[in-house]
Amino acid sequence: MSKREMKIKSIERVGNSVRLIDQTKLPKELVYRTLDDYREIVGAIKRLEIRGAPAIGIAAAYTLAIAVQQVRDGSPTTVKRLADEIKAARPTAVNLFWAIDRATGTVISEEVWDYRAVADRLWDEAERIHDEDRQMCARIGQFGADLIQDGNGILTHCNTGALATGGIGTALGVIYTCRDQGKRLRVYADETRPLLQGARLTAWELQQEGIDVTLICDNMAAVLMRQGKVNHVIVGADRIARNGDTANKIGTYGLAVLANHHGIPFYVAAPTSTFDEATATGRQIVIEERGAEEITNGFGKRTAPEGIRVYSPAFDVTPHELISCYITDSGIRPGGRQEAQ
Ligand code: MRU
């Protein structure tokens, strides 16, 4: 198991507050924010200051502890109200709901309603969720690295590294583990329109870690595959339905289609907390829609006419038939893709 501690920590407990990296400022500035107001952290999740499914779950659990300590009320009704408020931050990543339900479950049936005792329990549970995520990332890295050979080219999408989790990451965790094993890889990072998590975050994070990374625009993936530069596509997930359909950053589905066409394995790397047994198929997954200005006026530069109609789903669903396998913390699970003989 990788013993490496990442230099980059997306979120940390500091006393009775949390310190997070404001990811909207990267790569230009590395800005940390220390927050002890739960509404501000919910706002930070909505604005994608902290993002990536596992990191959202961890942040949500800490937020519930902060909320109870802030409102000084640990009654089940209040805990439930606060939990619902936090759950409303973003709809797609199941880790948010999983973490809040898990944390709530440790206090909701308690006799003790003293808010200090309830908050203490919530802090403990949030730290456990954080620590378990760190360990799950390390195991995903180990299982995933067995699929990759020295000299391989890997294409990835969005950001799935230390910035998106409590540890070394999921898809990027596989890449870090390969590096630790001495495998030399060529990594291609999709820019990931419209919010550029690939360009701003993955390219930056991999550069910080000394990984050989090349940034490409999203629409270049097909050419790269045709040129034989990509041996594996590895992506993360925001929610995996019971039948294996996988919601992840918009553009993932297209990559899966391309990978299938070119006979390139397509892997989804995700911890147990991203598997949603309660959702039967991808059709039931709620897909977040983002504001038009993220496309028409991205990063403060107008690139489309005023008044234009925009459609901006933040995620898409890749059907399980296009997934070669899932790299999880408990091992490799087969996907539904039939490989050509
Ligand atoms: O909108 P974001 O940046 O939160 O989207 C993140 C992704 O889609 C990631 O690929 C996913 O959460 C997995 S992170 C390990």
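Guide: Helices are DSSP runs of H or I with at least four residues, and strands are DSSP runs of E with at least two, both numbered from the N terminus. The model is predicted, with local features needing pLDDT of at least 70 and side-chain atom pairs pLDDT 80 or more, while totals for chains, interfaces and linings use all residues. Residues are numbered from 1 along each chain as its sequence is written, and side-chain values use heavy atoms, without hydrogens and water.

Visitor: Where is proline 27 found?

Guide: The peptide bond that joins leucine 26 to proline 27 is cis, with omega near 5°. Proline 27 belongs to no numbered strand here but to the loop between β2 (17-21) and β3 (32-35).

Visitor: Which residue does a cis peptide bond join to arginine 193?

Guide: The residue in question lies in the loop between β5 (186-190) and α7 (197-208). Omega of the bond is about 0°, and the partner of arginine 193 is proline 194.

Visitor: What is phi of leucine 48?

Guide: Leucine 48 sits in the loop between α1 (38-46) and α2. Its phi is positive, in a residue other than glycine, and is near 70°.

Visitor: How many Å apart are the C-alpha centres of domain 1 and domain 2?

Guide: The protein chain is divided into domain 1 (11-137) and domain 2 (147-334), with bounds from an automatic or database domain assignment. The distance between their C-alpha centres is 25 Å.

Visitor: What area do domain 1 and domain 2 bury between them?

Guide: Buried area is the accessible area (1.4 Å probe) that two parts lose on being put together, summed over both. Carbon and sulfur atoms carry 58% of the buried area between domain 1 and domain 2, which comes to about 2,400 Å².

Visitor: Which residue forms a salt bridge with arginine 90?

Guide: A salt bridge needs a side-chain nitrogen of Lys or Arg within 4 Å of a carboxyl oxygen of Asp or Glu. The count between domain 1 and domain 2 is 1. For arginine 90, the closest N and O atoms of the pair are 2.8 Å apart, and the partner is glutamate 288.

Visitor: Which element gives the largest share of the side of domain 1 that touches domain 2?

Guide: Elements giving two or more residues to that side are α2 (53-71), α4 (94-105) and α5 (115-145). The largest share is 5 residues, from α5.

Visitor: Which residue has a side-chain N or O atom 2.8 Å from an oxygen atom of the ligand?

Guide: Backbone atoms also approach oxygen atoms of the ligand: a polar one of glycine 52 at 3.0 Å, and an N or O atom of alanine 53 at 2.8 Å. For the side-chain approach at 2.8 Å, the residue is aspartate 238.

Technical notes:
Polar contact = N/O pair within 3.5 Å; in protein donor to acceptor, adjacent residues only side chain to side chain.
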